[in-house]
Amino acid sequence: MLSRMTPLDTLLSITLGVALAAATGFRVFLPLLVTSVAAYTGHLHLADSFAWLGTPAALAMLAVAAVVEVLAYYIPAVDNLLDALTTPLALVAGTVVSAAVITDMPPLVKWSTAIIAGGGAAALTQGVTTLVRAKSTAFTAGLGNPVVSTAEMLAAATISLLALAAPLLALALVVGFCVITVRLVRRFLRSGKPAQ
């Protein structure tokens, strides 16, 4: 017999989905790997149509993809190319991971939420990281990019793990990151304007 979710359960599953989606903006495959491990070990319930994400085959493929992605971001010039390639992948991954953890909702509501909130969160964090890497490349000739790559990897892992343990806290962390980044970008853009 299927158990009915309370409104709080629904809110938490949406929050979990959005937080995991935001983490895909930092690294596409690492949050998917964390989700796969959690589902495989029984710590995370997935929507029935996403049960494949908790299988040994998915776990192995995502582990390889995550390691390759993390290492590739440490190769000069490849990191900037990956930013261009992973932007659409982050949108898809954010939507998929959101839909996978949002359970017991009508399909239209679930997919609308996954696309708008999950895909939107992934696009936002991916856009911010792309901007930061571009500025790092311009100001440090790429020498600062490994620091950016390490910060992105740690953010993806931290937010993914925190989303499983405390989804609201993970989402608050993502919102805080975005607010701080927007303020820094605005300050940077203002300082670049000529004095009038």
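Select T129, V132, R133, S136, T137 and T140 in helix α5, and then add N145, V148, S149 and E152 in helix α6, which are the residues they meet; contact here means heavy atoms within 4.5 Å. The residues of this contact divide into two nonpolar, six polar and two charged, where Ala, Val, Leu, Ile, Met, Phe, Trp, Tyr, Cys and Pro count as nonpolar, Asp, Glu, Lys and Arg as charged, and the others, Gly among them, as polar.

This is a predicted model, in which local features need pLDDT of at least 70 and side-chain atom pairs count only at pLDDT 80 or more, while totals for chains, interfaces and linings use all residues. Residues are numbered from 1 along each chain as its sequence is written, and side-chain values use heavy atoms, with hydrogens and water left out.

Now show the whole of α5 (residues 107-140) and α6 (residues 145-165), whose axes come within 9 Å and cross at roughly 160°. Axes are lines fitted to C-alpha atoms, for helices over the stretch in contact, and angles run from 0 to 180 degrees between N-to-C directions. That makes α5 roughly antiparallel to α6, a term for angles over 145 degrees. The crossing of the two helices is right-handed, that is, the near helix is turned clockwise from the far one by less than a right angle.

Keep α5 in view and add α4, which packs against α5 at an angle of about 160°, with the axes 7 Å apart. That makes α4 roughly antiparallel to α5, and the crossing of this pair is right-handed. By class, their contact has eight nonpolar, twelve polar and four charged residues.

Next select P107, which has its place in helix α5. P107 is exposed, with a relative accessible area of 58%; exposed means over 50% and buried under 20%, with partly exposed in between (1.4 Å probe, protein chains only). If you add T15, you will find the two residues 92 apart in sequence and 17 Å apart in space, C-alpha to C-alpha.

Finally, go to helix α2 (residues 29-40), which has twelve residues and reaches 16 Å from its first C-alpha to its last, close to the 16 Å expected at 1.5 Å a residue. Nine of these twelve residues are buried, so α2 is largely enclosed by the rest of the structure. Among the buried residues of α2 are L30, L32, L33 and V34, and what covers the buried residues includes α1 (7-24), α3 (56-72), α4 (78-101) and α6. After α2 comes G42, whose phi is positive, near 85°.

Technical notes
Helix = DSSP H or I, 4+ residues; strand = E, 2+ residues; numbered from the N terminus. Parallel < 35°, antiparallel > 145°, perpendicular 65-115°, else oblique. Expected span 1.5 Å × (residues − 1).
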